[in-house]
Amino acid sequence: MTWKRYQNELIALIAFVFMLGAYGYKTAQVSSQAQSLASARHAIAEVQEVISLKKIWDDARTGKKVERLQTLVPSSKVTWSSQKKKVTASYKTLTAAELNTLVTKILNVPVEIQSLKIRKVASSYDVEFKCKW
């Protein structure tokens, strides 16, 4: 007899709980979809960046750009060793202006710098540089 008395309220309560569950599920799905969309956009941006970097690194003119580092300072100050796509260079007794020019050029060339050691000796600088591309 009590079931009959509260039957409508019980049905309304079950419908309300079902409605809350459905709302929670919908919210979770929308959030998940937005998160996967953001993840996909991030992945696409990374792929585009990798493609553009690959184009820069595969450029045939990169070797010529690296060769210019040999002519920035007088040849008496440079020891240069080049093998395929690897360069080892040693610069001795550079002035501050030559060092600044050299480091700026090195950082603007699209290569993988394996080693860059700068030592100050009195008022001059010694630089050891290894890179590949």
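Which residue in strand 4 does Ala89 stand opposite? Select Ala89 and look straight across: the residue facing it in strand 4 is Phe129. Keep in mind as you click around that this is a predicted model.

Now widen the selection to residues 86-94 and 124-132. Those are strand 2 and strand 4, and they pair in the antiparallel sense over seven bridges.

Next, bring in the rest of the sheet. Four strands make up this open sheet, in the order 1-2-4-3, with antiparallel pairing. To find the edges, pick 78-83 for strand 1 and 112-121 for strand 3; each of these pairs on one side only. Ignoring direction, neighbouring strands are turned by 5° against each other on average.

Time for the helix. Select 96-108 and you have helix 4, which packs on the sheet and touches strand 2, strand 3 and strand 4. Compare its direction with that of strand 2 and you get an angle of about 165°. Helix 4 has 13 residues, and from first C-alpha to last it reaches 18 Å, close to the 18 Å expected at 1.5 Å a residue.

Turn on side chains for Glu98, Leu99, Leu102 and Ile106, which are buried in helix 4. They sit on the same side of helix 4 because they cover an arc of only 100° around the axis. As general background, an α-helix has 3.6 residues a turn, so residues three or four places apart point the same way. What do the buried residues of helix 4 pack against? Show the sheet again: they pack against strand 2, strand 3 and strand 4.

Last stop: spin to the other side of helix 4, where Ala97, Asn100, Leu107 and Asn108 are exposed.

Notes:
Residues numbered from 1 in each chain as written. Predicted model: local features only at pLDDT ≥ 70, side-chain atom pairs only at ≥ 80, totals over all residues. Heavy atoms only, no water. Pairing = 2+ DSSP bridges. Helix = DSSP H or I, 4+ residues; strand = E, 2+ residues; numbered from the N terminus. Axes fitted to C-alpha atoms, helices over the stretch in contact; angles between N-to-C directions. Contact = heavy atoms within 4.5 Å. Expected span 1.5 Å × (residues − 1). Buried < 20%, exposed > 50% of the residue type's maximum accessible area, 1.4 Å probe, protein only. Arc of directions from axis to C-beta.
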